[in-house]
Every structure is written in structure tokens, then in C-alpha cells.
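Trainee: I've just opened this one and I'm new to it. Could you walk me through it?
Mentor: Sure, let's take a look together.

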Amino acid sequence: MTYARTILTSGALALLLGMAAAVADNHDRLAKYADPAEPALPATDVDVSLSDTALVITDPQIDFLSPEGVTWGVVGESVTELGTVENIGRLLDTAKAEGMPVFISPHHYYPSDHGWHFEGPLEKLMHAIGMFDREGPYTLEGFEGSGSDYMPEYRDHILDGETVISSPHKVYGPEQNDLVLQLRKRGVSKVILAGMSANLCTQAHLYELLEQGFEVAVVRDATAAAKLPEGDGYLAAITNFRYVANGLWTTEEAVAKIEKARCFPSPPQTRCLARAKSRAFFIPRTPRCGRAASNSRPRRSRSWRAS
């Protein structure tokens, strides 16, 4: 019994030492992505409110995030060391629990997209390996479980009937899809941005949303990128995020901000729960500020008089 216990104890110790070594190795690999100890740029941040802030996720699809995807050989290391799949899942769980709007900007290619006369290096590669391929814009034949499909862990949230799925973008940014329109139509002015791939679609979405006048915070460990001889895509992205994003958060920080979000009025429809006692507002049974619009009674104008 003592001998067996010794063997078990030795085995457990070896397992713990192995786990500790793996954690230390991962920490060393992530050290190159750490923020500078003495940054030169001024600090900025985004105030999160459930009335005007949304979670936007780019390309949460199998071809990017699953070992079954066609890009796993070059993105898998980054996805694994950052915990990207789990972190995107936490953001979705939290946003849904708190009533924050969620938007998906997907990447799909149809047969007609393979007739392009010229392409950049990555476009050429994506088309060659069948990345994000679908049978067509009006059919779901062969879609479920394909590389173009959403990660199984996210499907319940994405396909719940409330998440806004924009039309697909074709290259990197949202200039050619309706994401910005959908955000504007729902009164969103602040975006929490996550998804794939850090130096491609996520970064391109960041730039365009900033140009469109949105405040954007990027969740740094809810994205990832390819590692190629041409360079480490995530290192390139995190550098640019520091330069231009209004906020750069970890998943832990983003989750805490969403959970603690205060609700501000977004006139004329959405009214803040914090002002529910005011006579100027009427808010019947609205557990989430973002869902107050359909139940809110508009304030009567005192300047109008019947003639």
C-alpha cells in the first residue's frame, strides 16, 4: 500500500511539474506581446453602457478557430496560447446574460467569388484552400459543420434570433457589408471588438469603425493570428491596437466592464433604469436598458398646444 501510494504521489507530482512547466513556457511565449513598461502614448478607454455599446465578433468560424479548420496549421498555436476560443465564448456568455447587443461580421465565399481577376496574397491562398466556402448565398446546403460554419460552442448564442448577423465581408473590413448600418440603426456608438484574425479582419474592422466615428475597444486575448515566415500576425496586430484603439482589454477586463455597465438614456426611445423614478420617464418591466425601447412611452412635449 505504501509503495503504491508512493508511486501515485510521484505520478501526481510529475503531472503538476509538467503543468507548471507548460504554464511557464506559455508565459514566456506571451511575454513578447506584453505592453511596454513605460508607454509613450496617452491612456484612453471606453465607458461601457448597455444602451449604446455592442459586442462585435469577426469571423467566429471553424476554418479559423477549430483544429478541423483549413488554417489551423498556421493559427492554431496563437489560438491555443491566447485561449481565444474560450475567451470569445466568455464574451458571448456575458453579453447575452447582461442584455448587451451582439453583432457578427462573418466571412463567406460563394462560387462567384472564385472568378476574381486579381487577388492579394492571402485572398489567393484562401481561395486555393477553400476557406469559408459556401454553396451559394441562398442555400445552406453543406453549410452545417463546414469551415464556413460558426464554432459549435457559439451557435446557440449566434443563432438565438437576437444576434445580428451582418452580410458577409469579402476581404478584410466591413466597408462592403451592412455591419455599420446595423450598428447605427440600433443606436450603437461604442464597440467591444473580438474575433479573427487579429491582423486581418479584426484590425480592418477596427480601422473602419474608427473612421465611421465609433469608439472601439479591442479584447486582446479574444483574437489570434497566423505565424508565418513573413511574420507573427498577432505581434503586428497588438502593436497597431496600442496605437489606435480607444481601449485594449483582456477578456477578464471586458467581462467585468460589461457586468458593471451602467445604463444611460439614449433618447428618444431608450430610457435609463437609474432614472426610473423620474416623472419624465415611464419604464414598465424592463430588466435590461437595451430592451427598453419597445416598452418606453415617449415624453410628452410641453410646447405643443391644441389650437
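Trainee: Which residue in strand 2 does I57 stand opposite?
Mentor: Keep in mind that we're looking at a predicted model. Strand 1 covers residues 53–58, and it pairs with strand 2 in the parallel sense over four bridges. Look across from I57 into strand 2, and the residue standing opposite is I104.

Trainee: And what about the other side of strand 1: how many bridges join it to strand 4?
Mentor: Strand 4 is made of residues 190–195 and runs parallel to strand 1. One place to start is T53, whose bridge partner in strand 4 is K190. Count the bridges that join the two strands, and you get six.

Trainee: So what is the order of strands in the open sheet?
Mentor: The sheet has six strands, with parallel pairing. Its edges are strand 3 (164–165) and strand 8 (247–249), each pairing on one side only. Strand 3 is joined by two bridges to strand 2, where F103 has V164 as its bridge partner. Read across the whole sheet, the order is 3-2-1-4-5-8.

Trainee: Which strands does helix 10 touch?
Mentor: Helix 10 is residues 251–259, and it packs on the sheet. Its direction makes about 110° with that of strand 8. The strands it touches are strand 4, strand 5 and strand 8.

Trainee: Is strand 2 covered on one face or on both?
Mentor: In a regular strand the side chains alternate between the two faces of the sheet. Here V102 and I104 are on one side, F103 and S105 are on the other, and all of them are buried. That makes the covered faces of strand 2 both.

Trainee: Let's go to the nonpolar core. Which helix gives the most to it?
Mentor: The largest nonpolar core has 64 residues, and those with the most contacts inside it are L55, L65, L183 and V191. Take V191 as an example: leaving out residues up to four places away in sequence, it touches several residues, including A54, L183 and F214. As for helices, one made of residues 84–98 gives five residues, and that is helix 4.

Trainee: Now some rings. Why does the pair of F64 and F132 tie together parts that are apart in sequence, and how many residues apart are they?
Mentor: The two rings are 5.5 Å centre to centre with 70° between the planes, an edge-to-face pair. Both F64 and F132 are buried. F64 lies in helix 2 (residues 62–65) and F132 in the loop between helix 5 and helix 6, so the parts tied together are 68 residues apart.

Trainee: What kind of pair do Y109 and W116 form?
Mentor: Y109 counts as buried at 0% relative accessibility, while W116 counts as partly exposed at 28%. Their ring centres are 5.9 Å apart and the planes sit at 85°. Planes over 60 degrees apart put a pair in one class, so this one is edge-to-face.

Trainee: Which residue lies over the face of F143?
Mentor: This time we want a charge over a ring rather than a second ring. The distance to the ring centre is 5.0 Å, and the residue is R134.

Trainee: Last one: what share of the residues in the chain is buried?
Mentor: The chain has 10 helices and eight strands, and 307 residues. A residue counts as buried at under 20% relative accessible area. By that cut-off, the buried share is 45%.

Notes:
Residues are numbered from 1 along each chain as its sequence is written. This is a predicted model: local features need pLDDT of at least 70, side-chain atom pairs count only at pLDDT 80 or more; totals for chains, interfaces and linings use all residues. Side-chain values use heavy atoms; hydrogens and water are left out. A nonpolar core is a set of buried Ala, Val, Leu, Ile, Met, Phe, Trp, Tyr and Cys residues joined through side-chain atoms within 4.5 Å. Buried means under 20% relative accessible area, exposed over 50%, partly exposed in between (1.4 Å probe, protein chains only). Contact means heavy atoms within 4.5 Å. Two strands pair if DSSP finds at least two bridges between them. Axes are lines fitted to C-alpha atoms, for helices over the stretch in contact, and angles run from 0 to 180 degrees between N-to-C directions. Rings of Phe, Tyr and Trp (its six-membered ring) pair if their centres lie within 6.5 Å; planes under 30 degrees apart count as stacked, over 60 as edge-to-face and the rest as tilted. A charge sits over a ring if NZ of Lys or CZ of Arg is within 6 Å of the ring centre and within 35 degrees of the ring normal.
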